Amino acid sequence: MVLGPRQRVEPDVMVVDAAAEIGPEGTWYPADAVLLAVEVVSPDSEERDRKRKPQLYAEAGIEWFWRVEDADGKIVLYVYELDPTTRQYVPLGIFHDRVALTVPFAIDIDLTEIDRL
């Protein structure tokens, strides 16, 4: 995703507006086409995924940010929404066993089932 000149980031997962167009050779989307950015925290990405990337995504106006963490072998999902006035993320919830949301889209996932897939 391109956030600005000389500013490309690679979220672990992103949800992009279906109407966003890039050419056949395109390898990126503009930030304004991204609805949701997701980062999966690993030991070598903790600082970036917890601090720097959310700051960059918020400054770029990406409305939703999710952070996935491992807590003793179990998935924990942190969900944030962009406050348009401050351009900072505010927490909407921390999900341990199940995530059920209606925004930015309806989703209901049993996080304990992931290991069984």
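# Questions about a predicted model

Q: Why is Asp72 called exposed?
A: The relative accessible area of Asp72 is 83%. A residue is buried under 20% relative accessible area, exposed over 50%, and partly exposed in between, using a 1.4 Å probe and protein chains only. The value for Asp72 is over 50%, so the residue counts as exposed.

Q: What kind of model is this, and how are residues numbered?
A: This is a predicted model, in which local features need pLDDT of at least 70 and side-chain atom pairs count only at pLDDT 80 or more, while totals for chains, interfaces and linings use all residues. Residues are numbered from 1 along each chain as its sequence is written, and side-chain values use heavy atoms, with hydrogens and water left out.

Q: Where is Asp72, and what is its phi?
A: Asp72 sits in the loop between strand 5 and strand 6. Strands (E, at least two residues) and helices (H or I, at least four) are DSSP runs, numbered from the N terminus. Phi of Asp72 is near 55 degrees, a positive value in a residue that is not glycine. Most residues other than glycine have a negative phi, and most peptide bonds are trans.

Q: Which other residues have a positive phi?
A: Arg6 is one of them, with phi near 60 degrees. Arg6 lies in the loop between strand 1 (2-4) and strand 2 (7-8), and its relative accessibility of 87% makes it exposed. Arg87, in the turn between strand 6 and strand 7, has a positive phi of about 55 degrees.

Q: How do you know that strand 5 and strand 6 pair?
A: Two strands pair if DSSP finds at least two bridges between them. Strand 5 (residues 64-71) and strand 6 (residues 74-83) run antiparallel and are joined by eight bridges, so the condition is met. Trp66 stands opposite Val79 in strand 6. The two strands form a hairpin with two residues between them.

Q: What makes strand 6 and strand 7 a pair?
A: Seven bridges join strand 6 to strand 7 (residues 88-95) in the antiparallel sense, so the rule of at least two is satisfied. Opposite Tyr80 stands Pro91, and the bridge partner of Leu77 is Phe95. This hairpin has four residues between its strands.

Q: Why are strand 3 and strand 7 called edge strands?
A: Five strands form an open sheet in the order 3-4-5-6-7, with mixed pairing. Strand 3 (13-16) and strand 7 each pair on one side only. From one strand to the next the twist averages 20 degrees; axes are lines fitted to C-alpha atoms, for helices over the stretch in contact, and angles run from 0 to 180 degrees between N-to-C directions.

Q: Where does helix 1 lie?
A: Helix 1 (residues 46-60) lies across strand 4 (34-40), strand 5, strand 6 and strand 7, and runs at about 170 degrees to strand 5.

Q: Why is the pair Lys51 and Glu47 called a salt bridge?
A: A salt bridge needs a side-chain nitrogen of Lys or Arg within 4 Å of a carboxyl oxygen of Asp or Glu. The N to O distance for Lys51 and Glu47 is 3.6 Å, so the pair qualifies. Both residues lie in helix 1, four residues apart, about one turn of the helix, and both are exposed.

Q: What makes Arg50 and Glu69 a salt bridge, and what does the pair tie together?
A: Their N to O distance is 2.8 Å, so it falls within 4 Å. Arg50 lies in helix 1 and Glu69 in strand 5, so the pair ties together parts that are 19 residues apart in sequence. Arg50, at 38%, is partly exposed, whereas Glu69, at 11%, is buried.

Q: How do you know that Arg67 is buried, and which salt bridge does it form with Glu69?
A: Arg67 has a relative accessible area of 10%, which is under 20%, so it counts as buried. The closest N and O atoms of Arg67 and Glu69 are 2.7 Å apart. Salt bridges with shared partners join Glu46, Arg50, Arg67 and Glu69 into one network. The count by this rule comes to six salt bridges.

Q: Which residues does Arg67 contact?
A: Contact means heavy atoms within 4.5 Å. Leaving aside neighbours within four places in sequence, the contacts of Arg67 include Glu39, Asp49, Arg50 and Tyr80.

Q: What kind of peptide bond joins Val103 and Pro104?
A: The bond is cis, with omega about 0 degrees. Pro104 is in the loop between strand 8 (98-101) and strand 9 (107-110).
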